Amino acid sequence: PFDPKDFFGDVADKALLFGKLKLSELLDDAGTFANAPKIQPLPAAVPPAVELTWEPQVKPTYSLGFLKFVSDDPDRRLIVYARIERPAGANPGRSEFSGRLNSFHLEFLNVLALNFVSFGFRSETGRKPDVSVQLNPGAPMRFMGDLAFVEDLKDIIPPALFGKGPSLDVTAEGLRVGFALGLPPVAIGVFALKDVSLSAALQLPFSDGNPIFDFGISERQRPFNLTIAFFGGGGFFHLQLDTKQGLRVVEAALEFGASAAINLGVASGGVHIMAGIYFKLERKDGNDYATLSGYFRLGGELSILGLISVSLEFLLSFTYETETGKASGRATLTVKVEILFFSKSIAITVEKKFGGKNADPKFIDTWDAPALWDEYVGAFA
């Protein structure tokens, strides 16, 4: 008998597929000597070399809970080839490794499946590792479980009618797959809701890193908008998870206020007054850091015959960050004037910080010896 796990030895924790799946665990336990690596010395080669070929069987399924490998191919194998050249004279030696895995799919959180025709990798001395991926051209991805409704929407809704729809982006480092669905605007009497979108995405690295899952309701740069009469507001929500520490980022913002506009033909304009709150919880190096911010903004704009326009925006915000233990306040006044093809904008900002976990050192506290202070001063003498 031959146990393929013994082949990896001390590097079993480093030989990973997609940054998470251990190759030693992916191989079928029922190994035989016939499936052991074949080693062929090439003493007559210049320089002398050794070749290795190995085609071990892989398991039909291998699950990490959040990530599951499934292969329905009866002849499922991991094909590995290696060539190692012996150093000779000025030749420092050289090695190349390549591998390929065919006909399988990956399931992530039981909601998304990626269908692979083949996955190949190649590493050669003096060159960057190269990864080649071929997804099923007919159905590269499939939504399942709680997101199975997206699969039905793909067939019902014409592409790009509501949002970007499913998307797939493959690079040398990994792939990103997801969908974005924009909901149509709703207007009933004085009630109006628009710019609402749902999005989800999976980033899957080919080698190093951890799979990352994103979910969002609208976006920071394009929040949803809710209007009731002349009162209005908006916001967004974003959640990011990975397979190492779970929660990475959760952030949300809500804004409310009022706005009014007028158009007299020769002149048009509007005013708005808004207040909002922003919250962010982020995990870094095993620690949780939170940011809480409240803000108030008001402004207005005036346009005359489309030739002259003046706008003014005042923003007042107050933010507290647990990472630094400090609170900061900022006030910004922005004035913009446009006359025909001439445009000028001026912004005035005032900022103040308060407190902190550890008091910031004074300038003199950075010099712990008189000699260092003398050297510093002497440099500017």
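Strands are DSSP runs of E of at least two residues, numbered from the N terminus. In this predicted model, the secondary structure of the chain comprises 3 helices and 25 strands. The radius of gyration is 30 Å, well over the 21 Å that the globule rule gives for 381 residues, so the chain is more spread out than a compact globule. Along the principal axes, the C-alpha atoms occupy a box of roughly 90 × 75 × 40 Å. Of the 381 residues, 31% are buried. When contacts between residues at least 6 apart in sequence are considered, 47% of them join residues at least 24 apart.

The empty space in the model was examined next. Rolling a probe the size of a water molecule over the atoms shows where empty space is left. The largest pocket has a volume of about 960 Å³, and 34 residues line it. Those that lie nearest the centre of this pocket are Leu16, Leu23, Phe121, Ser123 and Pro129. Six named strands each supply at least two residues of the lining: β1 (16-17), β4 (49-54), β7 (78-85), β8 (94-108), β9 (112-124) and β10 (130-135). By class, the lining of the largest pocket is made up of 21 nonpolar, 5 polar and 8 charged residues.

Enclosed space was also identified, with 2 cavities of 30 Å³ or more found in a search of the whole structure. For the second largest cavity, the volume is about 40 Å³. Its lining consists of Val111, Leu112, Phe143, Leu147, Val177, Gly178, Phe179, Ala200, Ala201 and Phe213. Two elements, β13 (174-182) and β16 (197-205), give two or more residues to this lining, and β13 contributes the most, with 3 residues. The lining of the second largest cavity contains 9 nonpolar residues and 1 polar residue, while charged residues are absent.

The packing of nonpolar side chains was considered last. The largest nonpolar core contains 43 residues, and within this core Phe18 and Phe69 have the most contacts. When residues up to four places away in sequence are not counted, Phe69 touches Leu21 and Leu26, the run of Val58, Lys59, Pro60, Thr61 and Tyr62, and also Leu101, Phe104, His105 and Leu106. The partners of Phe69 thus listed include Lys59 and His105 alongside nonpolar residues such as Val58 and Leu101.

Key
Residues are numbered from 1 along each chain as its sequence is written. This is a predicted model: local features need pLDDT of at least 70, side-chain atom pairs count only at pLDDT 80 or more; totals for chains, interfaces and linings use all residues. Side-chain values use heavy atoms; hydrogens and water are left out. On a 1 Å grid over the protein atoms alone, a cavity is a set of points where a 1.4 Å probe fits but cannot get out, and a pocket is an open set with protein on both sides within 12 Å along at least five of seven lines; lining residues have an atom within 4 Å of a point. Grid points are joined across faces, edges and corners, and a volume is the space filled by probe spheres set on the points. Helices (H or I, at least four residues) and strands (E, at least two) are DSSP runs, numbered from the N terminus. A nonpolar core is a set of buried Ala, Val, Leu, Ile, Met, Phe, Trp, Tyr and Cys residues joined through side-chain atoms within 4.5 Å. Buried means under 20% relative accessible area, exposed over 50%, partly exposed in between (1.4 Å probe, protein chains only). Contact means heavy atoms within 4.5 Å. The radius of gyration is taken over C-alpha atoms; the globule rule is 2.2 Å times the number of residues to the power 0.38.
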